[in-house]
Each structure stands twice: as C-alpha cells, then as structure tokens.
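Here is a walk through one chain, from the inside outwards. Have a look at the structure first, then read on.

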Amino acid sequence: SKEGKLPTLEQFDSEIQKYKAIQDEVATLPSHHSILWLKVDAKPIKSNISNWVAKWTYKYTEFLQNDVTTKVDDLLSFVKNALHIMEKEVPDGDFDLLIEVMGCLRDVRARTEATDAMFDPLRNTCVLLKKWGVPVADTTLQGLDDAPNLWAQVQKKSFTTRERLANMQSVESEKIKASSLAFNTEVESFANKLKATGPYDYSDKW
C-alpha cells in the first residue's frame, strides 16, 4: 500500500476472490468460436489467461503462506534461544555473560507487544489459506499451536531472571559508576598538571 502497511486479510481475500472468479469465468467460455465460415480455436487464449490469473492468485497465497511460516519459525527460534540464555547461571564478576543475559531480557521486552498481538492474525491467515485450498505445513501449524504457551514461558522466565540478576546488575552498575568517576578524576588531575607545568612557550631552539 502507499503507506507501506501490509494489506488486511480481507483485502487479500478480496483479490484472491477476484482472480478466482475470472478463472471460473474463463473456464466456462467455449473452446471454439465460429465467425461465419471462420472457426477460431480459443483454447490457447483460454490457457494463457488461466495461467496469468493463476500466477496472480499464487502471488497472494504464496505471500501469506511464507508470512505465516517465517513468523512462526522466527518466533520459535527466538523462544528457544531466549530460554537457553536466560537459564544460564551468571557467576559473580562475569560481566560479559551478564550483558548477554540482560540483552536477551531487553529483546524479550522489545518484542512483547508485537508478539502478544500476532497469534490471532496468524491463525486467521491459516484459515484463509485453507479456504482457498492452500496447504500450510504441519510443522508450522503445530508451531503456531505451541507458540502462545512457549511465549508465556519466555515472559515468565524473563521476570524471574530479571529478579535473580537485579543485585548483580546493581553491583556492576556501581562498579561502572566508580570506574567512570575515577577516570574523570584522573583526567581532571592530568589537565590541572598540564596547565601548571605544560610547555606553553614557543622557542625555535626546540
């Protein structure tokens, strides 16, 4: 669309219906047509129109089919990875691992709104594809059935993980603040020393 937004399922359904109607209409047309003494073979043109219509129908259904598969696979992959990361025990002082887990918690929070709202539209897409006789892989359907429960596990795990790491995060945060203050003090000391003893005079003998 002009705004760059995905068309609604109703719009997809309307377009598919339009091309299916054309296909049905073409199928009912006679294969031969006589004009006075001239007999015209209409089968080639009927075949070409049917192929053209089928290609457009396929473009719409293929997009929806790929959209469902991609979103379900992406979510399941994210869930698996997130649960794996959040189950890691973070030893005291392991700043890199702490950053990895906290980054995962950030990613869960960032996609929560979109993920909570995606399940019904995906189910409705599967229903629309079924209406037009387009198959959705069993693995995708099973993944879509499992996804809400798995996502709920991720959200629950994110809360418990955040609580588990709160003290460690606070300690590391204080370390960073102390290190920053020490660095600022060092820079300030160096600047004062430079002002007091630095060579500010120019001589061509240097």
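## Around T140

Leaving out residues up to four places away in sequence, T140 touches V68, T69 and V72. T140 itself sits in helix 5, and this is a predicted model, so keep that in mind for everything that follows. Is T140 buried or exposed? With a relative accessible area of 2%, T140 is buried, since the cut-off for that label is under 20%.

## The overall layout

The chain holds 5 helices and 2 strands. Going along the sequence, the order is α-β-β-α-α-α-α, which puts the two strands after the opening helix.

A few totals help set the scene. The chain has 206 residues, and 26% of them count as buried. Its accessible surface comes to about 14,800 Å², with 57% of that belonging to carbon and sulfur atoms. As for contacts with a separation of 6 or more, 74% are between residues 24 or more positions apart.

## The nonpolar core

Which residues touch the most other members of the largest nonpolar core? They are W151 and V154, in a core of 35 residues. Five helices each supply at least two residues of this core: helix 1 (9–28), helix 2 (43–86), helix 3 (95–116), helix 4 (119–131) and helix 5 (138–197). Helix 2 gives the most, with 10 residues.

W151 is worth clicking on. Setting aside neighbours within four places in sequence, W151 is in contact with L75, F78, V79, V108, R111, T112, T115, D116 and F119. That list mixes nonpolar names such as L75, F78 and V79 with charged ones, R111 and D116.

## The hairpin and its patch

Now for the strands. Strand 1 covers residues 32–35 and strand 2 covers residues 38–41. The two run antiparallel and are joined by 4 bridges. Together they form a hairpin with 2 residues between the strands, and L36 in the turn has a positive phi of about 55°.

If you want to check the register, try two pairs. S34 stands opposite K39 in strand 2, while the bridge partner of I35 in strand 2 is L38.

I35 and L38 turn up again on the surface. Along with L36, W37 and V40, they make a nonpolar surface patch of about 610 Å². I35 lies in strand 1, and at 46% relative accessibility I35 counts as partly exposed. L36, the turn residue with the positive phi, is also one of the patch members.

## Salt bridges

Side chains of opposite charge can pair when their charged atoms come close. How many salt bridges does the count come to? The count comes to 8, and three of them are described here, starting with the loop between helix 2 and helix 3.

K88 and E100 meet through their side chains, at 3.2 Å from N to O. This pair links distant parts of the chain: K88 is in the loop between helix 2 and helix 3, and E100 is in helix 3, 12 residues apart. Both ends are partly exposed, K88 at 25% relative accessibility and E100 at 34%.

E89 forms a salt bridge with R164, and the closest N and O atoms are 3.9 Å apart. E89 lies in the loop between helix 2 and helix 3 and R164 in helix 5, so this pair ties together parts that are 75 residues apart in sequence. E89 counts as exposed at 60% relative accessibility, whereas R164 counts as partly exposed at 37%.

The third pair stays within one helix. D120 and R123 form a salt bridge at 2.8 Å from N to O. They are 3 residues apart in helix 4, so about one helical turn separates them. At 52% relative accessibility D120 counts as exposed, because the cut-off for that label is over 50%. R123, at 34%, counts as partly exposed.

Key. Residues numbered from 1 in each chain as written. Predicted model: local features only at pLDDT ≥ 70, side-chain atom pairs only at ≥ 80, totals over all residues. Heavy atoms only, no water. Core = buried A, V, L, I, M, F, W, Y, C linked by side-chain atoms within 4.5 Å. Buried < 20%, exposed > 50% of the residue type's maximum accessible area, 1.4 Å probe, protein only. Contact = heavy atoms within 4.5 Å. Patch = residues over 30% accessible without salt bridge, like charges linked within 9 Å, V, L, I, M, F, W, Y side chains within 5 Å. Areas by Shrake-Rupley, 256 points an atom, 1.4 Å probe, with all protein chains shown as cover. Salt bridge = Lys/Arg side-chain N within 4 Å of Asp/Glu carboxyl O. Pairing = 2+ DSSP bridges.
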